[in-house]
Amino acid sequence: MKKKTIILGIETSCDETAAAIIKENNTEIPTILSNVVSSQIDVHKEFGGVVPELAARSHIEKIDLIVKKAINDSGVNIKEIDAISVTAGPGLVVCISVGLNFAKSLALSLNKPFIAVNHLEGHALSPKLITKLKFPYLLLLISGGHTQYLTVKKFGIYQRLGTTIDDALGEAFDKTAKMLGIEFPGGPYLEKFAEKGDPNRFNLPKPILNKGGCNLSFAGLKTAVLKISKIIKTKQDKYDLAASFQKTVEEILYKKTKNAFKEFREKSSNDKATFVIAGGVAANKKIRQMLTNLSFKKNFKPIFPPINLCGDNAAMIAVVGLEKYKKKKFDNLDYAAKPRWQLDENAVFLKGSGVKL
Ligand code: KG4
Ligand code: ZN
């Protein structure tokens, strides 16, 4: 029987040092043999956000231990690993370089193929760790650095349908949380605040809701939250503002997702299509519920990664590594970090003043 491929994945593009080992399986759904994620919350807490140089230093201190732990936890011998895959972008260049250089050295010393992976492609394919994925599918990527609707035509072929023209959704969650005095990283806790509040208390703006197709904007929403956060006084006021923010985000995603469904159908013409929602914000329970209901209503099959695979991890990097390995898509050891690597490389840059929608 043919040996099943074993891939090591490494991720250091932001503030998580992660390594994972996955193994190919007859079911098309690879088995996660190990998945180690070490977060840097304590390093960045006092600064209220990620400090790139501190993040890079922390990656350097931990990377060998994390990779060693992933190998030990997996029970495989290091020599059984068939290829080393690593995030090469997008992200913080000082952070990406740590994982990239480590992976190159390991590939060289083990004499195994080296595979550079787009972090966003990791998120896009993360549901492959729990289910089969049929192309083409519609993807909503909602993370700390990106918010995009894309058609995934086949492996490696992406067409962007819409993007944020300013802040990413995760960033809006994090900044709103900070304004409400929630400790870094606040995004995941904002929904807990929201559960205790009145979502109809504050009327917040929904920028470009009725124009720009599938493009989104969150900067005006953030500014409105900032203004209100300066005048509210009680804990209940904060809960109400969190709930109003959560509700406004849901309304924006509801409308923009309906636009994306329409555009996807016009271009891809299949009846019951798959809708993958991935990235850190996909862990938000109310967003999951709302998008699930909308998908069923519009005859889409919603697929979310499990909560522990929504945020940054290396198992999703190994999944892309495995797909590239099957196609013998290996990279050279002089591969440079790509801090602005887009999934749809033909998509125009849509940020800043003067953007035409
Ligand atoms: O995908 P990810 O781990 O890192 C990036 O690639 O950016 O996403 C992190 C983002 C953060 O902005 C975090 O606040 C947000 O995902 N996030 C959430 C939740 N959990 C994580 N946002 C809203 N609700 C959550 N439950
Ligand atoms: Zn991410």
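A residue is called buried when its relative accessible area is under 20%, exposed when over 50%, and partly exposed in between (1.4 Å probe, protein chains only). The model examined here is predicted, with local features requiring pLDDT of at least 70 and side-chain atom pairs counted only at pLDDT 80 or more, whereas totals for chains, interfaces and linings use all residues. Residues are numbered from 1 along each chain as its sequence is written, chains are lettered from A and ligands numbered from 1 in the order in which they are written, and side-chain values use heavy atoms, without hydrogens and water.

The zinc ion (ligand 2) has as its protein donors His 119 (NE2), His 123 (NE2) and Asp 312 (OD), which lie 2.1 Å from it; donors are N, O and S atoms within 2.8 Å of the metal (3.2 Å for Na, K and Ca), and sites may look incomplete because water is not among the atoms. Both His 119 and His 123 are buried, and in sequence the donor residues follow the spacing H-x3-H-x188-D.

The chain is divided into domain 1 (6-127 + 309-326) and domain 2 (132-304), with bounds that come from an automatic or database domain assignment, and the C-alpha centres of the two domains lie 26 Å apart. Contact, defined as heavy atoms within 4.5 Å, involves 24 residues of domain 1 and 21 residues of domain 2. Between domain 1 and domain 2 the count is 1 salt bridge, a term for a side-chain nitrogen of Lys or Arg within 4 Å of a carboxyl oxygen of Asp or Glu. The side chains of Glu 183 and Lys 45 meet in a salt bridge at 3.4 Å, N to O.
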